[in-house]
Structure formats: C-alpha cells, structure tokens
Amino acid sequence: GHFECPPYNQQTIRSAYHVRNIEVFKLKQLKHPIDIFMSHDWPRSIYHYGNKKQLLKMKSFFRQEVESNTLGSPAASELLQHLKPTYWFSAHLHVKFAAFMQHQTNSKDELPKATKFLALDKCLPHRDFLQIIDVEHDPNAGDSLEYDAEWIAVLKATNSLVNVTQTSWNMPENNGLHAKWDYSATEEAIKEVLEELNHNLKIPCNFTLTAACYDPSKPQKKVEPVHTINPQTTEFCAQFGLTDINDRIQQAKEEGAARGEHEEEEEEEEMDSTGSAEEPSEYNTDNSGLSSINPDEIMLDDEGGDEDLSTCSVDPSPDHPPDFSTSFSDIRIMPDSMAVSSDDAMDSTNEELEKSGVSKPVGEKSLNERPLKRIGGTENGNSGIKIKRRNQAIYAAEEEDK
C-alpha cells in the first residue's frame, strides 16, 4: 500500500518510490490504444530489441545484468507486453538507447503492433539528451489537456482496492479466490463519466501553491518537511468519488498517534502499579546510522560516450530465451513476444558504429567498488538524511574543459 509520507525515516525514504502492484493492476485494465508510455526505469528485456552490443560497449557494467536478464523493471516489462504502446520513453540509465519491439498477435485477424523505445542520456554538454519526435494529433481536437474517460472509470472501479498500510496483498485474479477480477472500464462506465463531466473533459486550471517558493535571499537550512494535502488532488477525488490517498494517510497517522498516546498512558499506569516496566530489548533498534542507499538502484558511472545507439528492427531469436518465470506479480508468465534477440541481426549497424572508434568509458568501476552516494545520518552523528548531488563533480569538470 501507499503508506509513506513526510517526514521520512531511513526505511520510507527508500520505499516511497517503489512501484505498487495496485498501480500495475490499474494500468493493465486499460483497453483503448496508448500512444505514449513513460517510465523512469527501463522495461526489463528491452535491451534485447536494440543494439545490445553497442550498449554494452558504452556501459560495460550492465553486462552481467543484461545476460542474466535482470536489468530494468519487471513491472514495466509486464505493462509493455500488455499495453503495447506506440512509443515508450524511459530514463535512469544515463545512456541513449533505441529499440524496436514487434509484439506477437493473439489471432490471425489481429494486426501486429510494435513499440518504439527510446531512452536518452544525461542533460550535460556533448551528451545525447534531446531528440524530437513527431506524434500524430487529431486536427479537430483542442490544444488543452483533457481527462481520459476510460482511466477515470478504471480509477472509480478500483477505488475499493486502495490501501494505505504496509501490508502486502495480491490483486484480484481469475483463480477461483475472487468474485471479481476484471476491473476494466465498460462502455456504460465510460458513458457515466462523460455524463458526470457534461461531456466536457477539459482539465480545469485550478493550480494552487502548497508550499512557499524558494527565496534565495532567505536560505533555510534543515527545514523539516511536512505532510501536505494537495488541494487539486482533493478536488479531483471529490469530483469523482475517489479516495484521496494523502488524506487517508494523514488520517491513519492521526489515528495511530492517538492509539500510541493511549497505549503510553496504559503503560505508565502499569509501571506505577508494579514498580517496573518491560525489560528493554537487547537488540539495537536505532537505524539512524544505516545507509539510505537503495540496494536495487544501479550506481552508474556518469562518464560515457556520445555515440548514438541506432534503432534496429530485431527478430526475436529462440537461441537465447529470456527467463520470464517470475513476472512482477510473481504469477503471470511472460509471452514469447519478449524473447531475446541475437546480436548477429545488428552486424551492419555495429560495423558503422565501431568505425567511429568509441572506446570504453574511462573510470568505470564495478558496482562493489563504487562509493555510496547517499548516507544516513549527519556528520555529528545525529539521525537524518544527507544526500550528495551525484553530478556535482561532472559539472565542475565540464567547466574546466571549456
């Protein structure tokens, strides 16, 4: 469930950005075609559908994870093969990489779909961090942002599944244990949403400040973050009868604090009557000194080449089948459309790229040798979070080069 909120501790600062199974479940209810899907992490296995050889030449420390098919997000991979969007854009790995994935059809009458994947490099001088792509647009449609009636219908249908506890739980499936497992939007549900909005899907311009703007003349150090309820989210949830997760978390916090005070009073009464309290634990429960580094995060070398990894149309090869025995839900099996391709299909492109003479980036080290970029605790030993800017040295180096 979504349970994290400011102020964060050593555990929640890491878990706050983890993908929830309910979000994957909700997205998988979409049936209408999707043009663009964006994710921070790459979908796992997408590297098998582009110039993998050149990718490993530029980022050699990816090799072990690529060969074991563990690089990237299994949740994104599951959504990629299920939603089959026209484009998929990702970030995170600080390297430009393009891929072309042809999806398998479920029937002979179904037209084959393909996804064009693109990730870009870091926004630094002489790096491939920008590419312009033209996407077809309905000339009769307006230029303003609009709600998606199907997505609103899915949110309304899955509202009862919202959870703000740390408890893990599985989404409904057609396994005989759930009365309902299909939460996709029906035509009737979409029609109801349109009627609620009077067929006006335009998103209102109701932006409201929830925190003061930064004032450089009044620097504030070590400001304790507070949990803020966003008024736009509150209005949106109220309009469609949805649960405001931030508000629900705040309620749970207040209820937990009230229970904690009540329990403390009972403990004090017991101490007064017996003359002693419970023996303290022999285990140290102070986590303030633990590193806040995410063990799942790849600490990437920020050095890299400027070479373009051109898109290659790749035919999956049965010689290197990927291991999809466990998907994001640990139940579903990936289809053959995610099969691994052979590097031999990209020889012509590789030869052209190798002529440019790209060498192994300087300074790449194994992951075990990399220093931790984020540490928990302040310099005087007090608990807290200290985050070091990753590319601070790079910017300085680029200025010296200029």
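This is a guided tour of the structure above, stop by stop, with a suggestion of what to select at each one.

**The whole chain**

Begin with everything displayed, bearing in mind that this is a predicted model. The protein has 402 residues, of which 36% count as buried, and its secondary structure consists of 11 helices and 6 strands. If you draw the surface, about 25,600 Å² is exposed, with carbon and sulfur atoms supplying 50% of that area. Among the contacts between residues at least 6 apart in sequence, 76% join residues at least 24 apart.

**The sheet**

Next select residues 36-38, 87-90, 97-102 and 114-119, which are strands S1, S2, S3 and S4. Together they form an open sheet of 4 strands in the order S1-S2-S4-S3, and the pairing is mixed. Because S1 and S3 stand at the edges, each with a single partner strand, one side of each is left without a neighbour in the sheet. From one strand to the next the twist averages 20°.

Go across the sheet pair by pair, starting from S1, which runs parallel to S2 and is joined to it by 3 bridges. To see one of these partnerships, pick methionine 38 and look across to phenylalanine 89 in S2. The step from S2 to S4 is also parallel and has 4 bridges; here serine 90 has alanine 119 of S4 as its bridge partner. At the S3 edge the sense is antiparallel, with 6 bridges between S3 and S4, and glutamine 102 stands opposite alanine 114 in S4. Although S3 is an edge strand, S3 is mostly covered, since 5 of its 6 residues are buried.

**The helix on the sheet**

Now add residues 74-83, helix H5, which packs on the sheet and touches S1, S2, S3 and S4. The direction of H5 makes about 165° with that of S2. How many of the residues of H5 are buried? The count is 8 of 10, so the helix is mostly covered by the cut-off of under 20% relative accessible area. Select Ala75, Ala76, Ser77, Glu78, Leu79, Leu80, Gln81 and Leu83 to display the buried residues; they pack against S1, S2, S3 and S4, and also against helix H2 (21-27).

**The nonpolar core**

Keep the sheet in view and show the side chains of Trp42, Phe62 and Phe117, which touch the most other members of the largest nonpolar core, a set of 42 residues. Several elements each supply at least two residues of this core, including H5, S3 and S4, which are already on display, as well as helix H3 (52-58), helix H6 (149-157), helix H7 (187-196) and helix H8 (231-240). If you colour by domain, you will find that the core draws at least three residues from each of domain 1 (31-134) and domain 2 (145-260).

Centre the view on phenylalanine 117 and ask which residues are in contact with it, leaving aside its neighbours within four places in sequence. They are Trp42, Pro43, Ile46, Trp88, Ser90, Phe97, Ala98 and Ala99. Ser90 was met earlier as the bridge partner of alanine 119.

Apart from the largest core lies another one, of 5 residues; to locate it, select Ile22, Phe25, Leu161 and Met171, which are among its members.

**Backbone details**

Two places remain for a closer look at the backbone. Zoom first to proline 6 and proline 7, which are joined by a cis peptide bond with omega at about -5°; proline 7 belongs to the segment before helix H1 (12-15).

Then move to the loop between H7 and H8, where asparagine 198 is found, along with histidine 199. Asparagine 198 is not a glycine, yet has a positive phi of about 55°, and histidine 199, likewise a residue other than glycine, has a positive phi near 60°. Are these residues buried or exposed? Asparagine 198 has 65% relative accessibility and therefore counts as exposed, and histidine 199, at 59%, counts as exposed as well.

Methods: Residues numbered from 1 in each chain as written. Predicted model: local features only at pLDDT ≥ 70, side-chain atom pairs only at ≥ 80, totals over all residues. Heavy atoms only, no water. Pairing = 2+ DSSP bridges. Axes fitted to C-alpha atoms, helices over the stretch in contact; angles between N-to-C directions. Contact = heavy atoms within 4.5 Å. Core = buried A, V, L, I, M, F, W, Y, C linked by side-chain atoms within 4.5 Å. Buried < 20%, exposed > 50% of the residue type's maximum accessible area, 1.4 Å probe, protein only. Domains from an automatic or database assignment. Areas by Shrake-Rupley, 256 points an atom, 1.4 Å probe, with all protein chains shown as cover.
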